[in-house]
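Could you walk me through this model in my viewer, one selection after another? I would like to know what to pick next and what is there.

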Amino acid sequence: MKTRLKIGAAAACLALMISLFGCGTSESFSDSSSQQQEGEAQTLVVGSQDFYENEIIAEAYAEALEANGFKVERSFRIGQREIYMPEIESGSIDVFPEYTGNLLQYLDENATATESQDVYDALVQVMPDGLRVLDQAEATDADSYVVTKEFADANDIVAIGDLAGIDGLVLAGNAELESRPYGPAGLKDIYGVDIVRFAPVEDSGGPLTVKALRDGDATIVDMYSSTPELASGDLVVLEDPEGMFLASHVVPIVSDRIDEKAAEVIDRVSASLTPEALVRMNDESVNGKRSAADIAHDFLVQAEIIQ
């Protein structure tokens with residue numbers, strides 16, 4: 001009788017120990033797995049092109065996310081679209097600053113939209129599975145027509161169409177501009193603007209183009225809308241209400257790992273990214289020789305996104 005009691009007590013004790021051990025192990029594994037998943041959900045990879053402007057914007061996304069409790073890994077200066085898009089589509093990158101018009105044409109070579117909202121809406125429809133675009137910024141990096149502020153003020157010019165009826169207009173840009181749909185033919189057909197001469201320059205909106213404009217060798221030049229030289233204040237980007245140029249706003253493309261909270265943070269950055277802010281940051285990079293991290297940090301503080 002005593003033997004049976006001892007065996008029964010030992011078996012019960014052993015069963016209790018197994019039960020306790022099993023429960024303890026299950027609970028510990030569950031907690032560890034939950035913590036690991038939570039940590040992984042907050043570790044986001046932010047990427048950028050190998051281009052100072054794009055890196056600054058990517059750094060702004062990264063710092064804003066970090067300030068809101070997300071762990072961020074940076075994968076900057078990857079290269080051009082043919083290189084980084086496969087990385088994004090594979091899920092290796094979660095956030096990447098892009099440009100609406102250029103990305104739309106990359107994803108859909110038959111796209112015809114040129115105006116801002118039309119381009120954005122078309123882009124939403126052709127995004128690859130697992131990716132989406134968040135809000136586009138007001139800032140753009142697209143072809144634009146630029147005149148001197150002196151000329152704009154003297155002739156009351158704000159938009160491209162205001163050039164119609166002005167005599168002696170000389171257009172300058174790279175050689176390809178002469179045959180582009182937004183070149184002399186586009187100016188005439190869309191806005192009724194006549195030029196007397198096309199002056200080719202060897203760079204695309206760079207120092208030679210700017211010099212031609214400031215020296216009076218050209219009245220209008222084709223420049224990218226975020227060119228650092230625009231920060232000088234003596235040059236004016238003309239509005240393009242008819243969408244002659246392909247709209248190309250800064251827009252973040254993100255993976256499914258970007259939840260609602262992360263998306264709100266990134267959208268706040270986009271809401272503060274004006275054309276003037278982007279030009280200023282590019283000027284600080286090119287002419288001020290400041291780092292992308294310092295420029296992005298100052299931008300976020302001034303925009304009251306971080307403290």
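Here is a short tour, stop by stop, of a model that is predicted.

**Stop 1: the main core.** Start by selecting Leu 65, Val 250 and Leu 273. These are the residues with the most contacts inside the largest nonpolar core, which has 36 residues. Now colour the elements that give two or more residues to this core: strands S1 (43–47), S3 (95–99) and S10 (250–255), together with helices H2 (52–67), H9 (260–272), H10 (275–286) and H11 (292–302). Of these, H2 brings the largest share, eight residues.

**Stop 2: around Val 250.** Keep Val 250 selected and show what surrounds it. Setting aside neighbours within four places in sequence, Val 250 is in contact with Ile 57, Tyr 61, Glu 98, Tyr 99, Gln 136, Ala 137, Ala 139, Leu 273 and Leu 278.

**Stop 3: one face of H11.** Next, select Ala 292, Ile 295, Ala 296, Phe 299 and Leu 300, which are buried residues of H11. Turn the view to look down the helix axis: the buried residues of H11 fall within an arc of 130°, so they line one face of the helix. Show H2, H9 and H10 as well, since they are among what covers these buried residues. Then step just past the end of H11 to Glu 304, where phi is positive, at about 60°.

**Stop 4: two crossing helices.** Move to H3 (residues 81–89) and H4 (residues 100–107). Their axes come within 12 Å and cross at roughly 80°. An angle from 65 to 115 degrees counts as roughly perpendicular, and H3 and H4 are therefore roughly perpendicular to each other. To see where they meet, show the side chains of Arg 81, Glu 82 and Met 85 in H3, and of Asn 102, Leu 103, Tyr 106 and Leu 107 in H4. By class, this contact has four nonpolar, one polar and two charged residues.

**Stop 5: a loop residue.** Where does Glu 176 sit? Look in the loop between strand S6 (170–173) and helix H7 (184–191). Is Glu 176 buried, partly exposed or exposed? Its relative accessible area is 43%; because partly exposed covers the range between 20% and 50%, Glu 176 is partly exposed. Now add Pro 200 to the selection: Glu 176 and Pro 200 are 24 residues apart along the chain, and their C-alpha atoms are separated by 8.5 Å.

Notes. Residues numbered from 1 in each chain as written. Predicted model: local features only at pLDDT ≥ 70, side-chain atom pairs only at ≥ 80, totals over all residues. Heavy atoms only, no water. Axes fitted to C-alpha atoms, helices over the stretch in contact; angles between N-to-C directions. Helix = DSSP H or I, 4+ residues; strand = E, 2+ residues; numbered from the N terminus. Parallel < 35°, antiparallel > 145°, perpendicular 65-115°, else oblique. Contact = heavy atoms within 4.5 Å. Nonpolar A, V, L, I, M, F, W, Y, C, P; charged D, E, K, R; others polar. Buried < 20%, exposed > 50% of the residue type's maximum accessible area, 1.4 Å probe, protein only. Core = buried A, V, L, I, M, F, W, Y, C linked by side-chain atoms within 4.5 Å. Arc of directions from axis to C-beta.
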